[in-house]
Amino acid sequence: MNLAGILDGHDADSIALISRNRETSYGDLRSQVDRVRGGLVAQGVCKGDRVIILCGNNRYFVVSYLAIVGCGAVAIPLNPNSPGPEIARELAVVRPHAVIVGPAAMDAWESLGPVQDSIATVVVAEAGTGDGVLSFDDLLAAQPLAAVDVDPDHVAVMMFTSGTAGEPRAAMLSHGNLLANLSQSLSALDHCRAGDIVYGVLPLFHIYGLNVVVGGTLSVGATALLVQRFDPATAAQSIVQRRVTMVPGAPPMWTAFSHFDELPSDTFQTVRIAASGASRLSPKVSERMLSMFGLVLSEGYGLTEAAPVVTSSVGFESRVGSVGRALAGVEIRVVDHAGADVPVGDSGEIWVRGDNVFLGYFEDQEATDRVLVDGWLRTGDLGVVDDDGYLYLVDRVKDLIIVSGFNVFPGEVEEVLLQHPAVAEVGVLGVPHPHDGEAVKAYVVLCEGADVDEESLIRYSADYLARYKCPTKVIFTDSLPRNASGKLIRRELEGTVIGPT
């Protein structure tokens, strides 16, 4: 088996990708993937080697991804818009053999300096410069190489995800995990099929975009319309002109559409499936989309460690506030603090079991043991299941902040702000945001005699963190709430006494 086999068996002339108005057929895509795979192996990439992908939503990403997993190496997608220091921290965790850099990430990559010297092979979208630096065309000129067979438990992908303590970790997803979730997703009453055109604006470095947009689309012979950035007017135009039939997205996208009163009522008339995931969707947004466009939004629930889809309401009866029912082959439990099942209708932590559950965190057995218990994945999310098996999300056990569907680890933001010479202490938490779901808010205690303003700290954080991780609000205070052992009590941050500004 090999995940790259999702390309096999489809009509060679049917369109697999549309990127920058360029169509790529399944036949051409298979050829490009085989040649890039041969190029990577010629550069010394071996089974088990880790290869970074720093690309946006484009052909470079998809070809690189399938070429990497096809030769038995491990694909590690990173955010191409991250600043250099964040990319450097992630490189230090996984120690890759090779890096493939797309146009959007070139500035950040070039800013890394000496970090680049530890990478054996660097592939850039344009002409390569310097020793060990190749262009994508160099790989395309190589002799083709077919995908190799791997065991189901062989690691295919590592995705960075955040917990509640420590640095972001790399979750290991196997070929079996990802293929299992593709198969499980087909158990929904309606699903992606050959002939569908899927609107692919979800970032491919996020598991939702990776295994739902890329994996789900290509596995059934459908077409992925890849989009670099979301703009509601341009998106609506593309959906109409391309006659898009499936639109997976996160709540901020649907919120933007629901407030676009100028859109014609028939904008989404070709859309058969409109799905929302990554964070909870406001019922008001669902109601507006239905009244304005006649479009039913179906919610789902998943997480990186589940590859990612756990529940879906696509094709099922729509129930306000529910994220649907468990996919076939996926089990869910709702348990109390002792790990015992709670009565139906009571809230508890959601546990998940299935072939889609990940292998663990890369080189972090302690963190792995905390979330994997006798084959069950402890999600850290609180939920309720009704008599019909519909799941409702209640809250999160962990302090994780979700901004536009992306995980933000408070400790990572705090660590960056603490590096500022004027900052003595800092506490970070998520607060509700009308469009992004949540926003990052920081409470800062300044060093004695220091003088710095809110905007300066926000700009400072942007030099070290991806934009969505940066605070949108900084509150200055005299002290932070802590317990007897000195541990920060995040839930009490909103009640702190405001100090001098």
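I will talk about one helix, H10, and about how it sits against its neighbours in this predicted model.

Let me begin with the helix itself, which runs over residues 283-293 and has as its buried residues Val-285, Met-289, Met-292 and Phe-293. If you look along the axis, these four residues cover an arc of only 80°, which puts them on the same side of H10. The face turned away from that buried side carries exposed residues, namely Lys-284, Glu-287 and Ser-291. Just after the helix comes Gly-294, and its phi is positive, near 70°.

Now, what do the buried residues of H10 pack against? They pack against helix H9, residues 251-258, and against strand S14, residues 297-302.

I would like to stay with H9 for a moment, where the axes of H9 and H10 come within 9 Å and cross at roughly 45°. An angle between 35 and 65 degrees counts as oblique, and the two helices are therefore oblique to each other. As for the handedness, H9 passes H10 in a left-handed crossing.

Finally, let us go through the residues that meet there, and please find them in the structure as I name them. From H9 we have Trp-254, Thr-255, Phe-257 and Ser-258, and on the H10 side they meet Val-285, Arg-288, Met-289, Met-292 and Phe-293. Sorted by character, the residues of this contact divide into six nonpolar, two polar and one charged. You will recognise Val-285, Met-289, Met-292 and Phe-293 from the start of the talk, where I listed them as the buried residues of H10.

Notes: Residues numbered from 1 in each chain as written. Predicted model: local features only at pLDDT ≥ 70, side-chain atom pairs only at ≥ 80, totals over all residues. Heavy atoms only, no water. Buried < 20%, exposed > 50% of the residue type's maximum accessible area, 1.4 Å probe, protein only. Arc of directions from axis to C-beta. Contact = heavy atoms within 4.5 Å. Axes fitted to C-alpha atoms, helices over the stretch in contact; angles between N-to-C directions. Parallel < 35°, antiparallel > 145°, perpendicular 65-115°, else oblique. Left-handed = near helix turned anticlockwise from the far one by under 90°. Nonpolar A, V, L, I, M, F, W, Y, C, P; charged D, E, K, R; others polar.
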